[in-house]
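How might one read a fold from its interior outwards, beginning with the side chains that pack together and ending with the charged groups and cysteines? Please keep the sequence and the coordinates at hand while following the paragraphs below.

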Amino acid sequence: MNEKNKILIVLNIVTILLVMVVTIAGILSFDPGQSYYAMNQYGESIRIWGSGIYSHDSFFKAPIHIGTDFTVLFVVVPLALYSFTKFRKEQSVERYIQNFGYIILLLYYSACLAFGVTYNRLHLVYILLFSACLFSVNILLAFFYKKENEENRGVNSFFTKGMKVFLILSGFSLFVAWLPDIIPTLIKDSPLALIEVYTTEPTYVLDMGIISPLMFITYYLCKKEKFIGYVFLRMIFIVCLVIGIILPVQTIFQILAGIELPIPALITKVFIFIILAAFAFYFDRKLRKIKVLG
């Protein structure tokens, strides 16, 4: 085992331990009965969650965070542990790709915590988790770069019409989901409707500024039959699949907290991603059967 793999395994272990601390603390914060009202920086009376690690977050956002914590602990952590265990025994390209998908997902998760959750006692843990995921991603990208350039690795005839449509629709759907929230506020020069105690929404930045462009970049790379395009496509399918699980769980926790959700919001922000997750699962299974050439 080379030094790079040893570092990656250590980072994987650190990541899982930090994720367990963060998610358990978040789940234990579910207590809607502790809420209270306070005035925010925009002069609005906002209902604050009031319980646990999310005690200073809004009543609307806290159940979303808790639903994410629940899914990460009971879905992502078991999958990541299985992947990491296999990776220690078999450092194949497939294991690296699976590891990449789960680490990217946890990087997204940690970024939302570090930049989007109201300051709390776990802030340093959020930073450590974000850092561990970020450095893991860099190591994995270096590995894929070496495979593609030094070993002349490629993948032939893997990019189907369905996958092309998936990337295009997914790339645009991120704008369809969030722009209706943003455009009216820009016209009226007002804060976001659900900005509440926050100053920005990191999900908008990550989805529209990074993930959506990456889908179109991946489309281009896959058309050129680049190995890194295949890797990005597999990663996107893994992330989309888990997001399709996270969003309904978030909605369940909001309903349990007594929050009423409008049907149009459920369609644009939940059902679309569930459909995309189903296609992601189907396409990822097909790609696992493709032979990566080298």
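What follows is a walk through a predicted model, taken from its nonpolar core to two of its helices, and then to its salt bridges and cysteines.

The largest nonpolar core holds 90 residues, and the members that touch the most other members are Tyr54, Phe100, Tyr126, Phe144, Phe166 and Leu233. Eight helices each supply at least two residues of this core: α1 (3–27), α2 (61–89), α3 (93–116), α4 (123–150), α5 (161–188), α6 (202–223), α7 (227–256) and α8 (263–287). Among these contributors, α7 gives the largest share, with 17 residues. In soluble globular proteins, nonpolar side chains tend to be buried together. Phe100 offers a local view of the packing, for, once residues up to four places away in sequence are set aside, Phe100 touches Val137, Leu140, Leu141 and Phe144, as well as Val231, Phe232 and Met235.

The helix with the largest share of the core deserves a separate look. Of the 30 residues of α7, 23 are buried, and α7 is therefore largely enclosed by the rest of the structure. As to its length, a rise of 1.5 Å a residue leads one to expect a span of 44 Å for the 30 residues of α7, and the C-alpha atoms at its ends are indeed 44 Å apart, so that expectation and model agree. After α7 comes Gly258, a residue whose phi is positive, near 90°.

With α6 the same check of length can be made, and here a bend enters the description. The 22 residues of α6 should span 32 Å at 1.5 Å a residue, and the distance between the end C-alpha atoms is 31 Å, which agrees. At Ile211 the helix α6 bends by about 25°, and a proline, Pro213, follows within four residues. The buried residues of α6 include Pro202, Thr203, Tyr204, Leu206, Asp207 and Met208, and also Ser212, Met215, Thr218, Leu221 and Cys222; what covers the buried residues of α6 includes α3, α5 and α7. Just after α6, Glu225 takes a positive phi of about 60°.

One of those buried residues, Ser212, can be related to a serine in another helix. Ser173 lies in helix α5, and the C-alpha atoms of Ser173 and Ser212 are separated by 8.5 Å, although their positions lie 39 residues apart in the sense of being that far apart along the chain. Ser173 counts as buried because its relative accessible area is 8%, under the 20% cut-off. Leaving aside neighbours within four places in sequence, Ser173 is in contact with Ile272 and Leu276.

The charged side chains come next. Side chains of opposite charge can pair when their charged atoms come close. Across the whole structure, a search finds four salt bridges. In one of them the side chains of Lys61 and Glu201 meet, at 2.6 Å from N to O, and this pair links distant parts of the chain, with Lys61 in helix α2 and Glu201 in the loop between α5 and α6, 140 residues apart. Lys61 counts as buried at 12% relative accessibility, and Glu201 is buried as well, with a relative accessible area of 14%.

Another salt bridge joins Arg234 to Asp284, the closest N and O atoms being 2.6 Å apart. This pair, too, links distant parts of the chain, for Arg234 is in helix α7 and Asp284 in helix α8, 50 residues apart; Arg234 and Asp284 are both buried. Asp284 also forms a salt bridge with Arg288, with 3.3 Å between the closest N and O atoms. Is Arg288 buried or exposed? Arg288 is exposed, with a relative accessible area of 51%, whereas Asp284 is buried, with a relative accessible area of 8%. Through shared partners, salt bridges join Glu94, Arg234, Asp284 and Arg288 into one network.

Cysteines close the tour. A disulfide is a covalent bond between the sulfur atoms of two cysteines. With sulfur atoms required to lie within 2.5 Å of each other, the count of disulfides comes to zero. Cys112 is in no disulfide, and the nearest cysteine sulfur, that of Cys133, is 12 Å away; Cys112 is buried, with a relative accessible area of 16%. Cys222 is likewise in no disulfide, the nearest cysteine sulfur being that of Cys240, 13 Å away, and at 1% relative accessibility Cys222 counts as buried.

Definitions and conventions: Residues are numbered from 1 along each chain as its sequence is written. This is a predicted model: local features need pLDDT of at least 70, side-chain atom pairs count only at pLDDT 80 or more; totals for chains, interfaces and linings use all residues. Side-chain values use heavy atoms; hydrogens and water are left out. A nonpolar core is a set of buried Ala, Val, Leu, Ile, Met, Phe, Trp, Tyr and Cys residues joined through side-chain atoms within 4.5 Å. Buried means under 20% relative accessible area, exposed over 50%, partly exposed in between (1.4 Å probe, protein chains only). Contact means heavy atoms within 4.5 Å. The expected span of a helix is 1.5 Å times one less than its number of residues. The bend at a residue is the angle between axes fitted to the seven residues ending there and the seven starting there.
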